[in-house]
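The exercises below are meant to be worked with the structure in view. Try each task before reading the solution that follows it.

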Amino acid sequence: MESDHSPRLTGVVIITLPPPDNPSLGKTITAFTLTDDRPRPPRLKNPIGPPAHPRDLPLWLPPRNPELRFSLRRLLLGSPRAVLGFLGILLFASFLFASLYPRAVQELRDSREDRERETFVFPLFPKSGAGFSSSDDVELKLGRFVGPDEERLVASIHGGTRRDQRMPNFVRSEGVTDASAILPVTGNVYPDGLYFTSILVGTPPKRYFLDMDTGSDLTWIQCDAPCKSCGKGANALYKPKSGKIVLPKDSLCKEVQRSEGFEYCETCQQCDYEIEYADHSSSMGVLARDELHLKTTNGSLAKANVVFGCAYDQQGQLLNTLTKTDGIFGLSRSRVSLPSQLASLGVINNVVGHCLSSDAAGGGYMFLGDGFLPNEGMSWIPMMSRPSNNLYHTEILKVKYGSSSLNLGGQNSGLGRIVFDTGSSYTYFSKQAYSNLVNSLRSVASMGLIQDQSDDTLPVCWRAEFPIRSVADVKHIFKTLTLQFGSKWWILSTKFHIPPEGYLILSNKGNVCLGILDGSRVLDGSTSILGDISLRGKLVVYDNVNQRVGWIRSDCVKPGRSQKHPFM
């Protein structure tokens, strides 16, 4: 007969965690007790004085109940069917946990150190004092190379003749290493209107603040060439040395000239460019090559000679955005973009990622390389294989506001195109989709929101009968926008959800305004643009190696390292 002093199972406690998308529900605890006719432990009484010390309490162990014992040895030495069943339960439980709580799994991954990859992370900084006062001042880039205006050309930096050039159809360069770079990002949608980071260029290295732009090809810095028209800038102008100016025989310059049918200019001493942006601003300069200094995640420094623009003449809206920044960080698919150049040099794999915080304070981070790709949980869609330019284009099947579909106005049975562009502060819909959305939003009037024509922050703004402290105060009045990709079947398709805080802002007048604008005059008029306002609260990745764009929800506080072996 077994001793009565062995422990036995007296109860079960089940703890249920809240769903990841609604932690406010809290966790629940359910307890079950198992009873029998055996004697209960004596109740301790201490009517006078302080509670008894634990070591003074009598030790009581419930007698063993042979019927409730679980013997692992008996299971393992039993039939093979029982062993397989036990292992199957463990595998199913692990899979179920990973499916229901992917964030917890990811945090467990992030806590492990991955020694096999290095990653560069870039900071994003807010640009105070450069806010946009009206809808006419919103930032929209989507730059393209154009032929330089002869009247704006300044004297050659080192003599020689200038040549006109246009935007080439650059090809992708595949990365060959596992190194990566990560940079902190600062900024916000309103009132600053942009997100920017910093890089170190030259010898000795000097810091420059650059506007992060996935819709621009060329990275450029305001330059003393001398400067004909430059913004105030955050730092001193970049001063190129004679040996740093790119000659026409350089492969990147040849690509630019060959794309437009120009013949090689043997007498030219520099490679000129002009970029025109969608908001009709422009930048003109010459190509330069200098050292870019990147700090890896293990603390070491990497240097690479890269080509960028030495910009001496800026016009239009750019002059307003250059009060606290020094230029543009071009992150497109173009061969001349910094990610493509670093990939061709073997520094990184050609992958770009950014995570813009949805907090009012803004900020976030961006990275170059594939060291921070999540192992799971990402939603992926293919890039268009033959884009008319180097933008991150993809096809979109449907847009819904709540349960109402919006007409995309596409040429192929409603099929539309959409561009992911961090150079645009706001999101742009085709004319038909924008009109449908505005009509659907008329219903908010019944909820106490009245359109305020006097507020010119954005084309559509509403005032409320009560003070609005943040978008959170009114988001229950609006519905989620859903972008559908891939399959026409809803359950099989890939969806990009834009909650109300992903398309609304709070103006300085205390009104809530629609951060989706009419894109009929942008690009071809039928292409939608996902701007900063709708990219917040997500890690967005542009995988040029595998030609795909992906995203996953994130608080954008700290990037997590990818792991080769998923947690089980």
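**Exercise 1.** In what order do the four strands of the open sheet that contains β17 and β23 stand, and is their pairing parallel or antiparallel?

*Solution.* Keep in mind from the start that this is a predicted model. Step one is to read the order across the sheet, which is β18-β17-β23-β24, and to note that the pairing is antiparallel. Step two is to find the edges, which are formed by β18 (404–406) and β24 (494–498), each of them pairing on one side only. Step three is to look at the turn between neighbouring strands, which is 30 degrees on average when direction is ignored. Step four goes to the pair β17 (residues 398–401) and β23 (residues 481–485), which run antiparallel and are joined by four bridges; within this pair, Tyr401 of β17 stands opposite Leu481 in β23.

**Exercise 2.** Find which strands helix α7 lies across, and determine which of its residues are buried.

*Solution.* Begin with the placement of the helix: α7 (residues 431–440) lies across β17, β18 and β23, and runs at about 150 degrees to β18. Next, pick out the buried residues of α7, which are Ala433, Tyr434 and Leu437. These residues cover an arc of only 100 degrees around the axis, and therefore they lie on the same side of α7. This fits a general rule, since an α-helix has 3.6 residues a turn, so residues three or four places apart point the same way. Finally, ask what covers the buried residues of α7: the cover includes β17, β18 and β23, together with β20 (427–429), β26 and β27 (516–518).

**Exercise 3.** Describe the open sheet that contains β22 and β26, and explain why β21 and β25 each have one side without a neighbour in the sheet.

*Solution.* The order of the four strands is β21-β22-β26-β25, with antiparallel pairing. β21 (449–451) and β25 (504–506) stand at the edges with a single partner strand each, so one side of each is left without a neighbour in the sheet. From one strand to the next, the twist averages 35 degrees. Turning to the pair β22 (residues 461–464) and β26 (residues 512–514), one finds two bridges joining these antiparallel strands, and the bridge partner of Cys461 in β26 is Cys513.

**Exercise 4.** Decide how the confidence of the prediction should guide the reading of residues 100–117.

*Solution.* The protein chain averages a pLDDT of 77, and 66% of the residues score at least 70. Over residues 100–117, however, the pLDDT is below 50, although this stretch has 38 contacts in the model beyond near neighbours in sequence. Where pLDDT is low, the predicted coordinates should not be read in detail.

Terms used
Residues numbered from 1 in each chain as written. Predicted model: local features only at pLDDT ≥ 70, side-chain atom pairs only at ≥ 80, totals over all residues. Heavy atoms only, no water. Pairing = 2+ DSSP bridges. Axes fitted to C-alpha atoms, helices over the stretch in contact; angles between N-to-C directions. Contact = heavy atoms within 4.5 Å. pLDDT = per-residue confidence, 0-100. Buried < 20%, exposed > 50% of the residue type's maximum accessible area, 1.4 Å probe, protein only. Arc of directions from axis to C-beta.
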